[in-house]
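Visitor: I would like a close look at a single helix of this model, and at how the parts around it are packed. Please take one part as the starting point and work outwards from there.

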Amino acid sequence: MDRAISDRFDTSRFEAGRNRLASLAYRMLGSASDAEDAVQDAFLRWQAADRERIDVPEAWLTKVVTNLCLDRLRSARARHERAVGAWLPEPLLEGDPMLGPADTFEQRESVSLAVLTLMERLSPLERAAYVLREAFSYSHAEIAGILGITESASQQHVHRARTRIAAERRRGGEADRASARRVVEEFLAAAASGRTERLVALLTDDVTALSDGAGLARRLLRYDTPEQVASHVRAGFKPTPAKRRLAGGTPAFHFALVNGSPAALAVVGDRILGVMAFEVRDGKVAALSGIAAAARLRRLDEAWRRHAPDAPAIAAW
């Protein structure tokens, strides 16, 4: 086989696994743009490698992508940008290939905004071991080979990661789409009504909310009581001429699934202004994540323009 044909064949082999590699990188980094960069760097290394000496391309590429992500997580710039309390993951719309694999509950949960946020508290090696084990079902022996550690160290990293996430993770189970939509629509109606007591009634007693303040706040805004959350949401939903000018029009609010969770998208024309993702437990809202920084919405915005949305829950704000 001549070199040109060989290169085309090997490029096709890489492209066949690109979505899987991107999903791995996204879980590792919580950022679609950073994941795309890591996968592209892996492609350049694949092209430069002596591919005839690579026995199992999938394993080789998994190791390369994982270590590229570890390099990013360990960098001084990343530690500054991703300081706990100042960073939220990049949300993805239902159907985005970066969200796969999603066959099991553990795989789906590992890509939820809640777990991606909690993973910021892990060390880079804990995060890598957790993702490889929970989302991709690698054995501890395989993880040890990928990370260059012992099998017992892999077991310890995964155990610590599970323990730390479980300590702060309040699972609500998986609500069916119809139930989740009903809760979100009730929440939006209450938020638009101007009556905070209606909002409080829809929140669990231990509700929490995180917001990036449209990317303007240095640290995440956090609210820890039903009254605080209701007051914050009501203030955000109160329409004013200044807010409409800033938004570039009058937003409509659509129901969607984002990272597997029910969400409300604020949309002007075909442009997404912000996302409010919900965790639902026993028919109430247990947690909220508000993301409106434009840099975090790029991929979601592009996917939405290719999407055929249902009628909005709120057509005119």
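Guide: Helix 8 is the starting point, and it is mostly covered, with 9 of its 11 residues buried. The model is a predicted one. The buried residues of helix 8 are L125, E126, R127, A128, A129, Y130, V131, L132 and E134. The cover over these residues includes helix 2, helix 4, helix 6, helix 7, helix 9 and helix 10.

Helix 2 can be taken next. Two packed helices are described by the angle between their axes and the distance between the axes. Helix 2 spans residues 18–29 and helix 8 spans residues 124–134; their axes come within 9 Å and cross at roughly 140°. That angle makes helix 2 oblique to helix 8. The cut-off matters here, because only angles over 145 degrees count as roughly antiparallel. Helix 2 passes helix 8 in a right-handed crossing. On the side of helix 2 the contact is made by L24, R27, M28 and L29, and on the side of helix 8 by R127, A128, V131 and L132. An α-helix has 3.6 residues a turn, so residues three or four places apart point the same way. The four contact residues of helix 8, R127, A128, V131 and L132, are also listed among its buried residues.

Helix 2 has a further partner in helix 3, residues 32–48: the axes of these two helices come within 8 Å and cross at roughly 130°. Helix 2 and helix 3 are therefore oblique to each other. Their crossing is right-handed. Helix 2 contributes R18, L21, A22, A25, Y26 and L29 to this contact, and helix 3 contributes A32, D34, A35, A38, V39, Q40 and F43. L29 of helix 2 thus takes part in the contact with helix 3 and in the contact with helix 8.

Back at helix 8, the chain runs on into the loop between helix 8 and helix 9, and S137 is found in that loop. Most residues other than glycine have a negative phi, and most peptide bonds are trans. S137 has a positive phi of about 60° although it is not a glycine. S137 is exposed, with a relative accessible area of 54%. N259 also has a positive phi, about 50°, and is not a glycine. The place of N259 is the loop between strand 3 and strand 4. Unlike the exposed S137, N259 is buried, with a relative accessible area of 1%.

Helix 6, which is included in the cover of helix 8, is reached from helix 5 through a loop that holds P101. The peptide bond from G100 to P101 is cis, with omega near -5°.

Helix 3, the partner of helix 2, is also included in what covers the buried residues of helix 15, together with strand 3, strand 4 and strand 5. In helix 15, residues 298–305, the buried residues are R299, L300, D301, A303 and W304.

Strand 3 and strand 5 lead on to the aromatic pairs, of which the structure holds 4. A pair of aromatic rings is described by the distance of the centres and the angle of the planes. The rings of F187 and F278 have centres 5.0 Å apart and planes at 80°, so this pair is edge-to-face. F187 belongs to helix 11 and F278 to strand 5, so the pair links distant parts of the chain, 91 residues apart. Both F187 and F278 are buried. The rings of F237 and F253 have centres 5.1 Å apart and planes at 25°, so this pair is stacked. F237 in helix 13 and F253 in strand 3 are 16 residues apart, and their pair also links distant parts of the chain. F237 and F253 are both buried.

One more ring has a charged neighbour: R51 lies over the face of W46, at 5.9 Å from the ring centre. W46 and R51 are both touched by D10, not counting residues up to four places away in sequence. D10 is in helix 1, residues 3–16. D10 is buried, with a relative accessible area of 7%.

Technical notes
Residues numbered from 1 in each chain as written. Predicted model: local features only at pLDDT ≥ 70, side-chain atom pairs only at ≥ 80, totals over all residues. Heavy atoms only, no water. Phe/Tyr/Trp six-rings, centres within 6.5 Å; stacked < 30°, edge-to-face > 60°. Buried < 20%, exposed > 50% of the residue type's maximum accessible area, 1.4 Å probe, protein only. Lys NZ or Arg CZ within 6 Å of the ring centre and 35° of its normal. Axes fitted to C-alpha atoms, helices over the stretch in contact; angles between N-to-C directions. Parallel < 35°, antiparallel > 145°, perpendicular 65-115°, else oblique. Left-handed = near helix turned anticlockwise from the far one by under 90°. Contact = heavy atoms within 4.5 Å.
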